[in-house]
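The exercises below are meant to be worked with the sequence and the coordinates open side by side. Each one sets a task and is followed by a solution in steps.

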2 protein chains.
Amino acid sequence: VRLTTVHTASGTHAARLDSDLLTALDAPDVGSLLINPDWRAIAEATPVTGDFGSLHDALLAPLVPKPPKIVCVGINYADHMAEMNAPTPERPTLFAKFARALVGPYDPIVIPAAAPDQIDWEAELTVVIGSHGRHLDEPGARRVIAGYTVANDISARDWQFATMQWLSGKTFEHTTPLGPVLVTGDEVDDAADLKIACEVDGIIKQRSRTSQLIFTPAQLVAHVSSMLTLEPGDLILTGTPGGVGAGRTPPEWLVPGMSLTTRIEGIGSLHNICIPENVGMSASAASAATTDWEQT
Amino acid sequence: VRLTTVHTASGTHAARLDSDLLTALDAPDVGSLLINPDWRAIAEATPVTGDFGSLHDALLAPLVPKPPKIVCVGINYADHMAEMNAPTPERPTLFAKFARALVGPYDPIVIPAAAPDQIDWEAELTVVIGSHGRHLDEPGARRVIAGYTVANDISARDWQFATMQWLSGKTFEHTTPLGPVLVTGDEVDDAADLKIACEVDGIIKQRSRTSQLIFTPAQLVAHVSSMLTLEPGDLILTGTPGGVGAGRTPPEWLVPGMSLTTRIEGIGSLHNICIPENVGMSASAASAATTDWEQT
């Protein structure tokens, strides 16, 4: 089954995708839907009505707008480790991202006013958790995985490496596209060997396969569950393959106007344009403002 | 004004504290109360009824049970930097913690089955955000601070330093006591120079003053707001002074049965006993379980 979250006149809404048709499900978003233990039966039993029209005409929200946790994994593809000069890991390197970093799968990526100079791409297979789980072994981990989606863990490399901790470069507002759909594992062979790619202005920059992951989705879920309870709607971004801008000679960065396409075979594609934060407003004027404006 | 979150027969509830008396406020917890822009006027206008009895008899929950963000600051006291052999920072070192790490101010701290060997203490002044804010200067930052509370950023040092990213050692389930109360800045001179201390089994291990913070609460809030929008209920743990177990010769660690007291002058104290995870259940049996059990 394929699920997505759609913007409607009355807010967001969960929907099932059949071919190009969107059918409304009784939840405000996919994260909320997953809280119902019967989410899969409910999603499958709903007749195809196409009451939200076609995917082509829909405006999609971040698949899970407010995940309880966003766990990100670093250096988890052999080729990316080589380009970042990182040693082979014995356990997963984990960091976090906050929900306000997320944008919809076709929304603009906002180049932050505070950190515009070294914005990089990171195509990532993303695990969506569908039920509670703690101290899981790998079979148990597979049972709590609702399915898979696509994210691009856009990173401000100067901020990421300005201190020992990467968080500051990883969680700028409205930088991380997520979606377009959750695809259950049975439709994509548990995401074991899917092509993953990232294109910038139509030129392929990253190309790998999820079989190149050092720690598999089930291994990552089991590991995180040894730390704390996984909950419906939690996301695990499993890491990115080689080909990021920071690893190129000379380095390459995203700037306003560039387009980014992030694809995973059998799941879908993110399409995003980079825009500057607060067009027409200088960074110093932005610094003086105290209101909560929204970019997207 | 002093606010807290109380366990009741019907779930948690926000309350105002007057001397030892708890008066119910119309919100399930302090985080939910802060979402109302008039939270302060509402809290102050409510007559003292003491309908939740005395603080002494109450069971307190984590002050904000589900913060939208928990931002933690590393190496932010000069004395702690010296003991951890860290250079003087030019900008704050930030990392995250997930909400499931939190426990109430008098709850047990659960020594994780996965990481029982190097559990350390970190007394921290904690900023509670009371309104939305983005790109704030320092005066703007002061306006979005609802008040201050106390946390102990309990850390599993072996897991913290097993990879480059500290998150794995910082967010074990039910390890971070938070509370007992939110105190507004007017009652504690904006937390500018308060005694902060941590005792283990009655012996003082950390003792400093918040005037020793390298980055002040307002500076930290302004900095984080350059990254993303602050929201009501967000927490910023501002870092810990010298005297942690890892910095001692020989190193000292928390084990089950030890008691921990974390005090900040004018705010309050956390009192917590360390307990093992899943008493009577071996770690391997815990590994096989797939249900979501609760420790506290």
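## Exercise 1: A buried loop residue with positive phi

A:Ile75 is buried, with a relative accessible area of 10%, where buried means under 20% relative accessible area, exposed over 50% and partly exposed in between (1.4 Å probe, protein chains only). The model is predicted, so that local features need pLDDT of at least 70 and side-chain atom pairs count only at pLDDT 80 or more, while totals for chains, interfaces and linings use all residues. Residues are numbered from 1 along each chain as its sequence is written, chains are lettered from A and ligands numbered from 1 in the order in which they are written, and side-chain values use heavy atoms, with hydrogens and water left out.

Task: place A:Ile75 in the secondary structure of chain A and state its phi.

Step 1. A:Ile75 belongs to the loop between β4 (70-74) and α3 (78-83) of chain A; helices (H or I, at least four residues) and strands (E, at least two) are DSSP runs, numbered from the N terminus.

Step 2. The phi of A:Ile75 is near 35°, a positive value in a residue other than glycine.

## Exercise 2: Chain A as a whole

Task: describe the make-up, extent and surface of chain A, and explain why it counts as compact.

Step 1. Chain A contains eight helices and 17 strands.

Step 2. Its radius of gyration is 18 Å, close to the 19 Å that the globule rule gives for 296 residues, so chain A is as compact as a globular protein of that length; the radius is taken over C-alpha atoms, and the rule is 2.2 Å times the number of residues to the power 0.38.

Step 3. The C-alpha trace of chain A spans about 50 × 45 × 35 Å along its principal axes, and 60% of the 296 residues are buried.

Step 4. Of the contacts in chain A (heavy atoms within 4.5 Å) between residues at least 6 apart in sequence, 76% join residues at least 24 apart.

Step 5. The accessible surface of chain A is about 10,600 Å², with 54% of it belonging to carbon and sulfur atoms; the areas come from the Shrake-Rupley method with a 1.4 Å probe.

## Exercise 3: The surroundings of A:Thr184

Task: locate A:Thr184, decide whether it is buried or exposed, and list its polar partners.

Step 1. A:Thr184 sits in the loop between β12 (176-183) and β13 (195-200) of chain A, and with a relative accessible area of 0% it is buried.

Step 2. Its side chain makes a polar contact of 2.8 Å with the side chain of A:Asp186, a polar contact being a pair of N or O atoms within 3.5 Å, where within protein one must be able to donate a hydrogen and the other to accept it, and residues adjacent in sequence count only if both atoms are side-chain atoms.

Step 3. The side chain of A:Thr184 also reaches the backbone nitrogen of A:Val1 at 2.8 Å.

Step 4. Not counting residues up to four places away in sequence, A:Thr184 touches A:Val1, A:Trp39, A:Arg40, A:Ala146 and A:Gly147.

## Exercise 4: Polar contacts between the chains

Task: which side chains of chain B does the side chain of A:Glu277 meet in polar contacts?

Step 1. A:Glu277 lies in the loop between β17 (268-276) and α8 (283-288) of chain A and is buried, at a relative accessible area of 6%.

Step 2. Its side chain makes a polar contact of 3.2 Å with that of B:Arg134, and another of 2.4 Å joins the side chains of A:Glu277 and B:His135.

Step 3. B:His135 occupies the loop between β9 (123-129) and α4 (138-144) of chain B, counts as buried at 6% relative accessibility, and has a positive phi of about 50° although it is not a glycine.

## Exercise 5: Cis peptides and enclosed helices

Task: find the cis peptide bonds that precede A:Pro180 and B:Pro180, and explain why helix α7 of chain A is described as largely enclosed.

Step 1. The bond joining A:Gly179 and A:Pro180 is cis, with omega about -10°, and A:Pro180 lies in strand β12 of chain A.

Step 2. The bond from B:Gly179 to B:Pro180 is cis with omega near -5°, and B:Pro180 is in strand β12 (residues 176-183) of chain B.

Step 3. In helix α7 (residues 217-225) of chain A, eight of the nine residues are buried, so the helix is largely enclosed by the rest of the structure; among them are A:Leu220, A:Val221 and A:His223.
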